[in-house]
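Reader: Before I rely on any of the labels attached to this chain, I would like to see the reasoning behind them, step by step. Could we go through it together?

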Amino acid sequence: MKEMICSFCGKSQSEVRRLVSSPDGMSFICDNCVDICKEIVKEQETRTVRSKFVLPTPYELKNYLDQYIVGQDSAKRALSVAVYNHYKRLNYNFGAKPDVELDKSNVLMIGPTGVGKTLIAKTLAKILKVPFASVDATALTEAGYVGDDVESVLSKLLTNADYDVKRAEMGIVYIDEIDKIAKKPESRSLSRDVSGEGVQQALLKILEGSTVSVPVACGRKHPHQETVEMNTNNILFICGGAFVKLGEIIAAKDKTGVLGFNKTSDIEPSLNYKFAKQVRPADLVEFGLIPEFVGRLPIVVGLDDLDEKALINILTTPKNSLVAQYQTIFKMDGIDLKFEQDALCEIAKRAKELKVGARGLRTVLEEAMLDIMFEAPSKKSTNSIVLTSKNLKPISTINIKNKNYTDENKISIPN
C-alpha cells in the first residue's frame with residue numbers, strides 16, 4: 001500500500017503525528033501544516049482588523065465624553081485629538097510600507113484629585129473598544145526592590161485583553177500619581193531613590209516603544225515565571241498627577257524671569273490649576289521629572305479644579321450620575337427618590353470642603369443618606385422620598401404614605 005504524504009510539506013505519515021484527508025481522499029495535510037495555517041489565518045485576521053480600525057472623529061469622541069464627564073472642555077478636546085491622532089497613526093503604519101513612519105505622542109494630564117483624569121482615559125478606551133489598564137505609579141519600584149516592576153503595568157493590560165497580545169499592543173495605559181515618582185532632593189533623602197528617579201528610568205523604554213518581556217501574572221518577575229513578549233510601540237500611555245507644587249515653581253519663574261522691577265505674576269501658586277496651560281518642559285524637570293521622561297510625554301493637558309456648580313452638574317447630568325444611581329437603588333424597593341435643589345447645593349458644598357474632587361460626592365451622600373437607606377426598606381408604607389437640606393437634622397423615623405411630593409413628604413439630609 002502506497003504511504004500517504006502531506007500535500008503541503010511532503011512529509012510521510014510516519015514523519016508526522018497525524019494526517020487529515022480531504023473529502024475525496026486524494027490529498028492530505030499534516031498536523032504541523034494545520035498549525036502553520038492557523039497562525040497565517042490569525043495573523044491575516046489581525047492585519048485586517050488593524051487596517052479597518054473604526055475611528056470616530058475628535059468631535060465625535062468629545063461628544064461621547066460629554067455624556068459622562070462634566071466640564072473639562074479644554075482637556076476633553078485635547079485628549080480627543082491626541083487619541084484620534086494616535087489610532088489614525090496605527091491605521092497608517094499598519095498599511096503597506098508607509099513612506100513616512102509616524103511616531104506616537106504620549107500624554108501627561110495635570111489636575112487635582114477627583115476631577116476625572118482616570119475617567120476620561122477609561123471612557124476613551126471604552127469608545128474605541130481597546131484594552132485599558134489603570135495603575136498607580138506609587139506601587140512601582142526599581143527592579144530588585146520591594147514593590148511591582150514597571151512591567152506589571154503591561155501585565156495588567158495583557159490581563160484585560162484576555163491575554164491576547166496583539167490586542168494588548170493596541171491598548172491604552174493610564175499611570176496615575178505620576179508626580180509622586182519625581183526625583184527627591186538630596187537634602188530630603190540620603191537613601192537610594194528606588195521609587196522616584198529609578199522608576200522614571202525604568203519606564204522610559206516602555207513609553208518610547210520597545211519589546212518587553214512581560215510576566216503573565218501581575219507582580220514581580222522571577223526566573224521561573226511565565227512571560228510573553230510585548231511590543232509597546234503602539235500602546236498609548238496617558239500619565240496623570242496633581243503636581244501640587246508645580247504652580248509655585250511657575251509663579252516664581254514668572255516673577256523673576258522677566259525684565260522690570262514691578263513685574264507681578266498672573267499665576268497664583270494655589271490649586272486653581274490655571275498654570276497647567278503654561279507648563280513648559282523645564283518646569284516639569286525642575287519639579288523632579290528627568291528630561292528623558294518629560295520628552296516622552298510631549299502632550300500636556302491641564303484639568304480645572306471643580307467648583308460647587310460643577311459638582312452639582314456631576315451629581316445630576318452624566319448618564320450614570322450619582323442621583324440616577326441612588327434613585328435606581330431606591331426604586332428596587334418601590335420608592336421614588338427625588339432631590340431638591342437646596343439639597344444638591346448642600347451636598348456639593350460639603351464635598352467641596354473635603355478637597356477630593358468628585359470623589360467626595362459619594363462620601364457625602366453615603367453619610368447623609370445612611371439613616372434613610374437603613375430605615376426606608378422596612379417601611380412598607382413608604383413609596384416616595386424627597387430630600388431637602390431643611391434644618392439638616394438626623395432622621396429618626398420615616399413615615400411617608402403619600403405619593404405626592406408635598407412638604408409633608410420631604411426628608412432632611414442627616415447632618
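Reader: Which elements cover the buried residues of α7?

Author: The model is a predicted one, and in it the cover over the buried residues of α7 includes the helices α5 (152-160) and α10 (291-295), together with the strands β5 (172-176), β6 (211-215) and β8 (236-241). The residues of α7 that are buried are G198, V199, Q200, L203, L204, I206 and L207.

Reader: How do you know that the length of α7 agrees with its number of residues?

Author: Helix α7 holds twelve residues, 197-208, and at 1.5 Å a residue these should span 16 Å; the C-alpha atoms at its ends are 17 Å apart, which agrees with that expectation. Just after α7 comes G209, whose phi is positive, at about 120 degrees.

Reader: How many aromatic pairs are there, and what makes the pair of Y64 and Y68 tilted?

Author: The count comes to two aromatic pairs. For Y64 and Y68 the ring centres are 5.4 Å apart, which is within the 6.5 Å required of a pair, and the planes meet at 35 degrees, neither under 30 nor over 60, so the pair is tilted.

Reader: Why is Y64 called partly exposed, and why is Y68 called buried?

Author: Buried requires a value under 20% and exposed a value over 50%, so Y64, at 25% relative accessibility, counts as partly exposed. Y68 has 18% relative accessibility, which is under the 20% limit, and therefore counts as buried.

Reader: What is the geometry of the pair formed by F243 and F287, and what does that pair tie together?

Author: F243 and F287 form a tilted pair, with 5.0 Å from centre to centre and 50 degrees between the planes. Because F243 lies in the loop between β8 and α8 (246-256) while F287 belongs to helix α9 (residues 281-287), the pair ties together parts that are 44 residues apart in sequence.

Reader: How do you know whether F243 and F287 are buried or exposed?

Author: The relative accessibility of F243 is 0%, so F243 counts as buried. F287 has a relative accessible area of 16%, which is under 20%, and F287 is therefore buried.

Reader: What proportion of the chain is buried, and how much area does the chain expose?

Author: Of the 415 residues in the chain, 45% are buried, and the chain exposes about 22,800 Å², of which carbon and sulfur atoms supply 53%. The chain has 15 helices and twelve strands.

Key. Residues are numbered from 1 along each chain as its sequence is written. This is a predicted model: local features need pLDDT of at least 70, side-chain atom pairs count only at pLDDT 80 or more; totals for chains, interfaces and linings use all residues. Side-chain values use heavy atoms; hydrogens and water are left out. Helices (H or I, at least four residues) and strands (E, at least two) are DSSP runs, numbered from the N terminus. The expected span of a helix is 1.5 Å times one less than its number of residues. Buried means under 20% relative accessible area, exposed over 50%, partly exposed in between (1.4 Å probe, protein chains only). Contact means heavy atoms within 4.5 Å. Accessible areas come from the Shrake-Rupley method with a 1.4 Å probe; for residues, only the protein chains shown count as cover. Rings of Phe, Tyr and Trp (its six-membered ring) pair if their centres lie within 6.5 Å; planes under 30 degrees apart count as stacked, over 60 as edge-to-face and the rest as tilted.
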